[in-house]
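This report covers the core, the aromatic rings, the surface and the loops of one protein model. Please keep the view open while reading.

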Amino acid sequence: MTAIQGVVVFAAGKQIVALNAATSAVIFTYTDGAANSLFYSPVCIVNGRLYAGNLDGTLDAFGL
């Protein structure tokens, strides 16, 4: 789990989810449709981008 400026982000299984830390409202969700997809480690947020490594060898990046 990662938290930054009122947002909590976690990655588990095939999903990445970002929640408002105060209200728990969902801000963002992403589901990887690849057959061997598995997010296993915490995401990293750097310079307004969210990075998530996947056990299938990909690195997903999203603008915040």
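Strands here are DSSP runs of E, at least two residues long, numbered from the N terminus. In this predicted model, Leu38 sits in the loop between β4 (26-31) and β5 (44-46). Phe39 lies in that loop between β4 and β5 as well.

**Core**

The largest nonpolar core has 10 residues in all: Val9, Ala11, Ile16, Ala18, Phe39, Val43, Ile45, Leu50, Ala52 and Phe62. Three elements give two or more residues to this core: β2, β3 (15-20) and β6.

Phe39 is a loop member of this core. Is Phe39 buried or exposed? Its relative accessibility is 2%, so Phe39 counts as buried, the limit being under 20%. Beyond its neighbours within four places in sequence, Phe39 has many partners. Among them are Ala11, Ala12, Gly13, Lys14, Gln15 and Ile16. Tyr30, Asp32, Ala52, Gly53, Asn54 and Asp60 are also in contact with Phe39. Ala25 is 14 residues from Phe39 along the chain, and their C-alpha atoms are separated by 22 Å.

Ala11 is another core residue. With neighbours up to four places away left aside, Ala11 is in contact with Ile16, Phe39, Ser41 and Val43.

**Aromatic rings**

The count of aromatic pairs comes to three. One of them joins Tyr30 and Phe62: the ring centres are 4.9 Å apart, the planes meet at 55°, and the pair is tilted. Tyr30 belongs to strand β4 and Phe62 to strand β7 (residues 59-63), so the pair ties together parts 32 residues apart in sequence. The two partners differ in burial class. Tyr30 is partly exposed, with a relative accessible area of 23%. Phe62 counts as buried, because its relative accessibility is 16%.

Which residues do the ring pairs link into a cluster? They are Phe28, Tyr30, Phe39 and Phe62. Phe39 and Phe62 are also members of the nonpolar core.

**Surface**

Leu38, Tyr40 and Leu55 form a nonpolar surface patch. Together they have about 360 Å² of accessible area. Leu38 has 34% relative accessibility, so Leu38 counts as partly exposed. Patch members need over 30%.

Leu59 is a strand residue, found in β7. At 61% relative accessibility, Leu59 counts as exposed. Leu59 touches Tyr51, Ala52 and Gly53, with residues up to four places away not counted. Of these, Ala52 is in the nonpolar core. Gly48 is 11 residues from Leu59 in sequence and 16 Å away in space, C-alpha to C-alpha.

**Positive phi**

Most residues other than glycine have a negative phi. The table lists two residues with positive values.

| Residue | Phi | Loop | Relative accessibility |
|---|---|---|---|
| Gln5 | near 40° | between β1 (2-4) and β2 (7-12) | 79% |
| Asn47 | near 50° | between β5 and β6 (49-53) | 78% |

Where do these residues lie? Gln5 is in the loop between β1 and β2, and Asn47 is in the loop between β5 and β6. Are they buried or exposed? Gln5 counts as exposed because its relative accessibility is 79%. Asn47, at 78%, counts as exposed too.

Notes:
Residues numbered from 1 in each chain as written. Predicted model: local features only at pLDDT ≥ 70, side-chain atom pairs only at ≥ 80, totals over all residues. Heavy atoms only, no water. Patch = residues over 30% accessible without salt bridge, like charges linked within 9 Å, V, L, I, M, F, W, Y side chains within 5 Å. Areas by Shrake-Rupley, 256 points an atom, 1.4 Å probe, with all protein chains shown as cover. Salt bridge = Lys/Arg side-chain N within 4 Å of Asp/Glu carboxyl O. Helix = DSSP H or I, 4+ residues; strand = E, 2+ residues; numbered from the N terminus. Buried < 20%, exposed > 50% of the residue type's maximum accessible area, 1.4 Å probe, protein only. Contact = heavy atoms within 4.5 Å. Phe/Tyr/Trp six-rings, centres within 6.5 Å; stacked < 30°, edge-to-face > 60°. Core = buried A, V, L, I, M, F, W, Y, C linked by side-chain atoms within 4.5 Å.
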